[in-house]
There are 2 protein chains.
Amino acid sequence: MDFEQLAKNAKTASLNMTDLSADIKNHALLVIADELEKHAEQIFEANKIDLEQSKDNVSASVFNRLKLDRNKMRDMIQGIRDVVKLPEPIGKTLLARQLDDGLNLYKISCPIGVIGIIFEARPDVIAQISSLAIKSSNAVILKGGKESVNTNKTILSIINNALEKVKEFPKNAVQQVFTHEDVAQMLECDKYIDLIIPRGGNKLVKYIKENTKIPVLGHADGICHIYLDKNSDFEKAKNIIIDSKTQYPSACNAVETLLIHKDFPQTNKLLKALENAEITLVSNPETWAFEHGDKTLAYKIVENAEEAITHINTYSSGHTDCIITEDNDIAEQFMKQVDSAGVYHNVSTRFADGFRYGFGAEVGISTNKTHARGPVGLEGLTIYKYKLTGNGHIVKDYVEGKKHFNHKDL
Amino acid sequence: MDFEQLAKNAKTASLNMTDLSADIKNHALLVIADELEKHAEQIFEANKIDLEQSKDNVSASVFNRLKLDRNKMRDMIQGIRDVVKLPEPIGKTLLARQLDDGLNLYKISCPIGVIGIIFEARPDVIAQISSLAIKSSNAVILKGGKESVNTNKTILSIINNALEKVKEFPKNAVQQVFTHEDVAQMLECDKYIDLIIPRGGNKLVKYIKENTKIPVLGHADGICHIYLDKNSDFEKAKNIIIDSKTQYPSACNAVETLLIHKDFPQTNKLLKALENAEITLVSNPETWAFEHGDKTLAYKIVENAEEAITHINTYSSGHTDCIITEDNDIAEQFMKQVDSAGVYHNVSTRFADGFRYGFGAEVGISTNKTHARGPVGLEGLTIYKYKLTGNGHIVKDYVEGKKHFNHKDL
């Protein structure tokens, strides 16, 4: 099947999904979880083939992400069951307003439509993102990394066999494509695809953002900062910086640059403590907009909070930036003026995460300035429509002054 | 000044605007309104030059939109004073949640940043959009039509002279560019510009949507439908269709296609009544995706509601589509399954408008599936950031199970 036809089928599926009740969607998710559990061995077999084929071609970290072990399988299946427990995101009344007698306006949450997901090695993404799409009545077209093609195919066929058992569930809600040519067509296909979500490294995300007019939800770089003010607590500062850099150095919310107020009294002691925590310190303008992804930390001495804020608004990727200070006024100024999705005070940057925020699911972390910003939960897969109901109301009567709007919230 | 520098200045202005209090912004708006009132004659003089220069080159409707008379001037100035009365859109707490003892998350509304506005002949757009931008702490770069260049320059210089009188107000919040080359650079400038809002005909909007990766808020086509179900009231139907088509035929929310159930008993009488209302009826598949912009109405006889819904989901521009029926179940099905920003029951499509919805201001009408859909008020010029405040909280403690999230809404 050509991509255009496949995308058109996804569109049709998405239109048929707008009608699905919460019960049907949750039932479908539970059937998927059961079927994945039942066919776990089949998935492990497919994964073995992928691992075998790529063991000499990929880095250790890619290999690890590619590998599905029993723990990951358990988490993946539990993740689907957790999505069942989340509140229904579709059909919520966001506004109810009487415009005039008998003329009522309702703003109702609804699915976005068709979502293209492009992801790299981790095959567990399929189950996660498919379950979020099903919960929010969106159709998805998935494109996984070529290293995990056998695992992906197996997981998807189990998901689709499960969906076939739920007779009310429309066909083509979850589809998969495989080639670079498919990706190129997906990025062009704004006729049928409403949103692209890339899940992978910043090279992938950058490529996608630069090659499509379809809205992209995600982030390329994660260049996070900590500004250490002069009035700050040494132990707090040390612990926060070490956690932000070393707890998971390759995460997008790990800190990359430390800005230190010139009058912070214990700078040397602090830098020593960071080195003792196996952090490699560098101080070099070429690293101001660089995501190290390892235990390297750039640092710079600044004159004051204003310089720190300007530095951050110049070099930050707008993901998460933190101030460490005991001065609440300076903290407030920092959090107002720094233009990032997350602005933190005296906490590790590593908290930037949908689960830690209590969203129950994470679609991704967005550095966009429209639609959804920061860690994005299920809400990011929804939009709204306006329903207006009346009894023959026409605009002429209002323009001519025969009738008047009263705009009362219901 | 080159465009890049101008855009960079806008970005700096936008960062300095995040701090502005509601009082300062409202004061600035009132000063602008006063100054425009005081210098009205100067604006009329400039407008006269524009009218003189374009009287032989533009259509009557462009000429009318270009012309600023005393009524339009009064409405334009009143519009600014009305924006002052709107609730402050920035700094609203959208979510407040304790993640753990002393670790508090706040989702706070904030400006988007820099907004590029590209508009055609109507010079009053400058005052309207500048006041909405100021109210929402966004910087704007305006590009008006060349026909109104003298009027635009005069209005903008009055606005900027007014802003200079408000000493807390940052420079470069409202800037203007003039050339096609500037537009080309604006559409490329995703480094500094966060959102583009086109205000004009569908050619302009289409051109912009096809030539930028920056999010565009707006709609190109307004292809709206009315489906007349078999069980519907003749008088209601007649009045709604005539209002939807003739009350303002060139509006984007005017109806273009009427779908009539084959068993509606008074089709001939209805078509006659529409012709008596000076509506030109056509029935031709070539017009299914066509915006007439005049009193021409395409019509088609359909088998049932399903065919109507499929027709609409195929040909509608996703703006506003209406069902006329006395059968509430069919109406409910229609409003669920039609994938448009506005889904209406027994009312004129002409109600699709921010003022009629009670938003107090209208940024535009969006057919996007992300960020903002339908008539967009001030809210569409905002996004949010997450503030997280703690007292030395680090992620390691939670990963190692020493501490646990409690996720209590505050």
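When we talk about how two helices pack, each axis is a line fitted to C-alpha atoms over the stretch in contact, and the angle, from 0 to 180 degrees, is taken between the N-to-C directions. Keep that in mind as we look around this predicted model.

**Two helix pairs**

Let's start in chain A. Helix H12 (residues 305–315) and helix H13 (residues 328–337) of chain A pack at about 20°, and their axes are 10 Å apart. Angles under 35 degrees count as roughly parallel, so H12(A) is roughly parallel to H13(A). Their crossing is right-handed. Which residues do the touching? On the H12(A) side they are A:Ala305, A:Glu306, A:Ile309, A:Ile312 and A:Asn313, and on the H13(A) side A:Ile330, A:Gln333, A:Phe334 and A:Gln337. Sorted by class, that contact has 5 nonpolar, 3 polar and 1 charged residues.

Now hop over to chain B. Helix H2 (residues 22–38) and helix H5 (residues 70–85) of chain B have axes that come within 9 Å and cross at roughly 170°. H2(B) and H5(B) are therefore roughly antiparallel to each other. This time the crossing is left-handed. H2(B) brings several residues to the contact, including B:Leu29, B:Ile32 and B:Ala33, while H5(B) offers, among others, B:Met76, B:Ile80 and B:Val84. The contact of H2(B) with H5(B) divides into 10 nonpolar, 1 polar and 3 charged residues.

**A sheet in chain B**

Chain B has an open sheet of 4 strands in the order S5-S4-S3-S6, with parallel pairing. Where are its edges? They are strand S5 (174–177) and strand S6 (195–199) of chain B, each of which pairs on one side only. On average, neighbouring strands of this sheet are turned by 20° against each other, direction ignored.

Zooming in, strand S3 (residues 114–119) of chain B pairs with S6(B) over 5 bridges, in the parallel sense. Within that pairing, B:Ile118 stands opposite B:Pro198 in S6(B). Helix H1 (residues 3–17) of chain B packs on the sheet, where it touches S3, strand S4 (139–143) and S5 of chain B, and the direction of H1 makes about 145° with that of S4(B). Helix H8 (residues 180–188) of chain B lies across S3, S4, S5 and S6 of chain B and runs at about 140° to S3(B).

**Strand pairs side by side**

Back in chain A, strand S10 (residues 296–302) pairs with strand S8 (residues 255–261) and also with strand S9 (residues 280–282). Here they are next to the pair from chain B:

| Strand pair | Sense | Bridges |
|---|---|---|
| S8(A) and S10(A) | parallel | 5 bridges |
| S9(A) and S10(A) | parallel | 3 bridges |
| S3(B) and S6(B) | parallel | 5 bridges |

What is the bridge partner of A:Leu258 in S10(A)? That would be A:Tyr299. From S9(A), A:Leu281 stands opposite A:Leu297 in S10(A). As a rule, side chains in a regular strand alternate between the two faces of the sheet.

**How the two copies fit together**

Finally, step back to the whole pair. A turn of 180° with a shift of 0.0 Å along the axis lays chain B on chain A with an RMSD of 0.0 Å. The two copies are thus related as by a two-fold rotation axis. Which C-alpha of chain B is nearest the axis? It belongs to B:His371, 1.8 Å from the axis. Both copies use the same surface, since 100% of the contact residues of chain B recur in chain A.

Methods
Residues numbered from 1 in each chain as written. Chains lettered and ligands numbered in written order. Predicted model: local features only at pLDDT ≥ 70, side-chain atom pairs only at ≥ 80, totals over all residues. Heavy atoms only, no water. Least-squares fit on C-alpha atoms with pLDDT ≥ 70 in both. Contact = heavy atoms within 4.5 Å. Parallel < 35°, antiparallel > 145°, perpendicular 65-115°, else oblique. Left-handed = near helix turned anticlockwise from the far one by under 90°. Nonpolar A, V, L, I, M, F, W, Y, C, P; charged D, E, K, R; others polar. Pairing = 2+ DSSP bridges.
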